[in-house]
Amino acid sequence: MESRVLLRATATVTGVPQLRRPIRAIHRQFSTAPSSSSFTACAKPMGSIGEGGNLISGRQLRPVLLLDSSPEKREILKPVRAAAAEGGDSAGETKVGFLGKYPWLVTGFFFFMWYFLNVIFNILNKKIYNYFPYPYFVSVIHLFVGVVYCLLSWSVGLPKRAPINSNILKVLIPVAVCHAIGHVTSNVSFAAVAVSFTHTIKALEPFFNASASQFLLGQPIPITLWLSLAPVVLGVAMASLTELSFNWLGFISAMISNISFTYRSIFSKKAMTDMDSTNVYAYISIIALFVCLPPAIIVEGPQLLKHGFSDAIAKVGMTKFISDLFWVGMFYHLYNQLATNTLERVAPLTHAVGNVLKRVFVIGFSIVIFGNKISTQTGIGTGIAIAGVALYSVIKAKIEEEKRQGKTA
C-alpha cells in the first residue's frame with residue numbers, strides 16, 4: 001500500500017524528479033527483502049503518531065517516507081497528504097447528511113404527501129363525477145395515466161425495470177384482478193354516494209380481512225381482535241341508517257370493494273417476490289388496466305360515444321375535462337405509490353394508525369369541500385367506526401410484532 005501511494009504521487013506530480021529519490025531510498029532500505037511483493041507484507045509500522053507518524057489505510061509510516069526536510073518538497077507533497085487524509089476519513093467513518101441525521105423529517109414528508117395526494121384525489125375525483133358520471137371509464141383513466149407514468153419512469157431508469165417471467169406473472173395476475181375489481185367498485189360507490197359515506201363503509205375492510213383469515217385461510221383470530229371489530233360494524237350500521245345520500249348501488253359497490261381488496265391481500269401474501277414494491281405496483285397496474293378496459297367499453301362505451309363526452313365538454317370545456325382526467329390519474333397513482341413507500345419506512349403499527357388518520361382526513365375534508373349534510377347519528381356512527389378501526393389496527397400490529405419477535409428469539 002505504501003508503495004502504491006508513493007507511485008501515485010509520482011504519476012500525479014509530473015516533471016518533479018525529486019519525488020523519485022524517496023522511492024529509491026525505500027528500496028535501498030528494504031533491499032534485504034526477497035521481492036517487491038514481500039516488501040508490502042513484511043513492512044511494519046514504524047514511529048508513533050506522537051512522533052509524527054502518518055496513518056494510511058490503518059498502517060503507520062515514518063514521516064521520512066512521505067516528507068523530506070526541504071520546504072519545497074513538503075509543499076509539493078501537500079496534495080498527496082490531503083488526498084490520503086481524505087481517503088482515511090472516508091474509509092473510517094461515513095459522513096451523514098442532514099436528512100440522514102433527521103430521518104423523521106423524511107418520514108413526515110412521506111406521510112404528509114400521502115395524506116395530501118389522497119385528499120386531493122378524492123376531492124377531484126368526486127368533482128369529475130358531478131359532471132361526468134362514468135366510473136368505469138374514469139377507473140380506466142386512473143390506471144392508464146399511472147401505467148404511462150411507470151413506462152416513462154422505466155425508460156429513464158427511475159426505477160430500473162425489474163425483469164418478469166411467467167412464474168411471477170402467474171402470481172401477480174390474481175392480485176391485479178382483485179385490485180381492478182376493488183378499484184372499479186370503489187369508484188362506482190364514489191359516483192353514487194357521498195365520499196364520506198363510501199369511506200365509512202370501507203372502514204369495514206378489516207372485518208372482511210379477519211373473516212377471510214379465520215374461515216378461508218384457517219388462521220385463528222384472537223378474541224381481542226374480534227371484539228375490536230364490534231364498534232366498526234356498529235358504527236357503519238348507524239351511519240348507513242341515517243345517511244342522506246344513501247342508495248343501494250353505492251352501498252353494495254363499496255362492500256364488493258371491501259371483499260375484493262380482502263382477496264387482494266390474501267393473494268398478495270402468496271405472491272411474495274424479490275421485486276421491489278415500485279415495480280410490483282407498476283406490473284399490477286398494467287395488468288389491472290387490461291382487466292378494467294373491457295367492462296368499461298361494454299358498460300359505458302355506447303353512452304360515452306352518444307352523449308357522455310359531448311355533455312362533459314359542453315359543461316366544463318375540452319381543456320378542463322382532459323386536464324381533470326390527467327391529474328386525477330396522477331394523484332391516484334402517486335398516492336398509492338407513496339402509501340407503499342411509507343409502509344417500507346415505518347413499523348406496521350405506525351402505518352396502521354396513519355391509515356386510520358388518513359381516512360379521517362378524507363372524510364373531514366370531503367364534508368367541508370362539498371358541504372355534505374350529515375345527521376347527528378351518521379356523524380356519531382362514523383366516529384365509532386373510525387375509533388374501532390384504530391383499536392383494531394393497534395391490536396393487530398402489536399400481535400404481529402410479538403410474532404416477529406418470537407421468531408427472531
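1. Let's begin with the database record. UniProt, in an unreviewed entry, puts the feature "transmembrane region" at residues 104-124, 136-156, 223-242, 248-267, 279-298, 318-335, 356-372 and 378-395. Keep in mind while you look that the model in front of you is a predicted one.

2. How do those record spans look in the model? Take residues 248-267: the chain there is 100% helix and 0% strand, with 28 Å between the end C-alpha atoms. Residues 378-395 are also worth a look, being 100% helix and 0% strand, with their end C-alpha atoms 26 Å apart.

3. Now zoom out to the whole chain. You should find 18 helices and two strands in it. The chain has 409 residues, and 42% of them count as buried. About 22,400 Å² of the protein chain is exposed, and carbon and sulfur atoms supply 67% of that area.

4. Here is one about how the chain folds back on itself. Take the contacts between residues at least 6 apart in sequence: 81% of them join residues at least 24 apart.

5. Helix H13 covers residues 223-241, and you can check its length yourself. With 19 residues at 1.5 Å a residue, H13 should span 27 Å, and its end C-alpha atoms are 28 Å apart, so the two values agree. Which residues of H13 are buried? They are Leu225, Ser228, Leu229, Val232, Gly235, Val236, Ala239 and Ser240. These buried residues pack against four helices: H11 (195-202), H12 (205-215), H14 (248-270) and H18 (376-408).

6. Helix H14 deserves the same treatment. H14 has 23 residues, and from first C-alpha to last it reaches 33 Å, close to the 33 Å expected at 1.5 Å a residue. Its buried residues include Gly250, Phe251, Met255, Asn258, Phe261 and Ile266. On the packing side, the buried residues of H14 meet helix H10 (166-192), H11, H12 and H13. Have a look at the start of H14 too, where a side-chain oxygen of Asn247 comes to within 3.2 Å of the backbone nitrogen of Leu249.

7. Next, pick out Tyr335, which sits in helix H16 (residues 318-345). Is Tyr335 buried or exposed? Its relative accessibility is 14%, so Tyr335 counts as buried; the cut-off for buried is under 20%. Leaving aside neighbours within four places in sequence, Tyr335 is in contact with Trp114, Leu117, Asn118 and Phe121. Tyr335 and Phe110 are 225 residues apart in sequence, yet their C-alpha atoms are 9.8 Å apart in space.

8. Lys126 is another residue to click on, and you will find it in helix H8 (residues 103-131). A lysine may not be your first guess for the inside, but Lys126 has a relative accessible area of 12% and so is buried. What does Lys126 touch? Not counting residues up to four places away in sequence, Lys126 touches Phe190, Ala191, Val193, Val195 and Phe370.

9. Last, the cysteines. How many disulfides does a search of the whole structure find? The search finds zero. Two cysteines to look at are Cys178 and Cys292. Cys178 has 11% relative accessibility and therefore counts as buried. Cys292 counts as buried too, because its relative accessibility is 4%.

Notes: Residues are numbered from 1 along each chain as its sequence is written. This is a predicted model: local features need pLDDT of at least 70, side-chain atom pairs count only at pLDDT 80 or more; totals for chains, interfaces and linings use all residues. Side-chain values use heavy atoms; hydrogens and water are left out. UniProt positions are given in the numbering used here, feature names are shortened, and annotations may be inferred rather than shown by experiment. A disulfide is a pair of cysteine sulfur atoms within 2.5 Å. Buried means under 20% relative accessible area, exposed over 50%, partly exposed in between (1.4 Å probe, protein chains only). Contact means heavy atoms within 4.5 Å. Accessible areas come from the Shrake-Rupley method with a 1.4 Å probe; for residues, only the protein chains shown count as cover. The expected span of a helix is 1.5 Å times one less than its number of residues. A polar contact is a pair of N or O atoms within 3.5 Å; within protein, one must be able to donate a hydrogen and the other to accept it, and residues adjacent in sequence count only if both atoms are side-chain atoms.
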